[in-house]
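Me: I should be grateful for a close examination of one helix in this structure, together with the parts of the chain that surround it. Please set the account within the fold as a whole.

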Amino acid sequence: MTTSFTTQPNVRLRSATHEDTGQILSFIRELAEYEKLSHEAVADEATLAAQLFGDQPAAEVVMAEVDGQPIYQADWDNAHRAEVDRLRQQMPNLDAKLLD
């Protein structure tokens, strides 16, 4: 399944492709390092590519980009939270469920 949509002129969500394998692995390794679990991150690009883009994919990855540069989930979450806070201030009567 290929999905892509734009939420703002410079923000894009899209399904990952085989060409993203190196970036995905980098994200995994950086998260593992942050969590002090680097010893657990033993995948290589070939193995990860086979797991994500082989005949029976084990997972689906969505890439978020700002101005064409990949961003982390934490970056996306922080930007979303800031936008929700801004909208709540601008429209205090807005149903909060619409923003979560």
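Reply: The account below begins with the overall fold, turns to helix α1, and then follows the chain and the strands around it.

The model is a predicted one. The protein contains three helices and four strands, arranged along the sequence in the pattern β-β-α-α-β-β-α. With a radius of gyration of 17 Å, well over the 13 Å that the globule rule gives for 100 residues, the protein is more spread out than a compact globule. Taken along the principal axes, its C-alpha atoms fill a box of roughly 50 × 35 × 25 Å. Buried residues account for 21% of the 100 residues. The exposed surface of the protein comes to about 7600 Å², of which carbon and sulfur atoms supply 52%. Of the contacts between residues at least 6 apart in sequence, 54% join residues at least 24 apart.

Helix α1 comprises the 14 residues 21-34. At 1.5 Å a residue it should span 20 Å, and its end C-alpha atoms are indeed 20 Å apart, so the expected and modelled values agree. Its buried residues are T21, I24, L25, F27 and A32. Viewed down the helix axis, these buried residues fall within an arc of 155°, and they therefore line one face of α1. On the other side of the helix, E33 and Y34 are exposed.

What does the buried face of α1 pack against? Its buried residues pack against helix α2 (45-53) and against two strands, β3 (62-66) and β4 (69-71).

The chain that leaves α1 deserves separate attention. Just after the helix, K36 takes a positive phi of about 60°, and this residue is not a glycine. K36 is found in the loop between α1 and α2, where its relative accessibility of 69% means that it counts as exposed. S38 lies in the loop between α1 and α2 as well, but it counts as partly exposed because its relative accessibility is 40%. Leaving aside neighbours within four places in sequence, S38 is in contact with A32 and E33. Of these contact partners, A32 is among the buried residues of α1, whereas E33 is exposed on the other side of the helix. The C-alpha atoms of S38 and L48, 10 residues apart along the chain, are separated by 16 Å.

The strands that receive the buried face of α1 are β3 and β4, and their pairing can be described in turn. Strand β2 (residues 11-15) runs antiparallel to β3 and is joined to it by five bridges; within this pairing, L13 has A64 of β3 as its bridge partner. Strand β3 also runs antiparallel to β4, through three bridges, and V66 stands opposite Q69 in β4. Strand β3 is thus described as bridged both to β2 and to β4.

The strands β3 and β4 form a hairpin with two residues between them. D67 is located in the loop between these strands, and its phi is near 50°, a positive value in a residue other than glycine. At 58% relative accessibility, D67 counts as exposed.

Notes. Residues are numbered from 1 along each chain as its sequence is written. This is a predicted model: local features need pLDDT of at least 70, side-chain atom pairs count only at pLDDT 80 or more; totals for chains, interfaces and linings use all residues. Side-chain values use heavy atoms; hydrogens and water are left out. The expected span of a helix is 1.5 Å times one less than its number of residues. Buried means under 20% relative accessible area, exposed over 50%, partly exposed in between (1.4 Å probe, protein chains only). The arc is that of the directions from the helix axis to the C-beta atoms. Contact means heavy atoms within 4.5 Å. Two strands pair if DSSP finds at least two bridges between them. The radius of gyration is taken over C-alpha atoms; the globule rule is 2.2 Å times the number of residues to the power 0.38. Accessible areas come from the Shrake-Rupley method with a 1.4 Å probe; for residues, only the protein chains shown count as cover.
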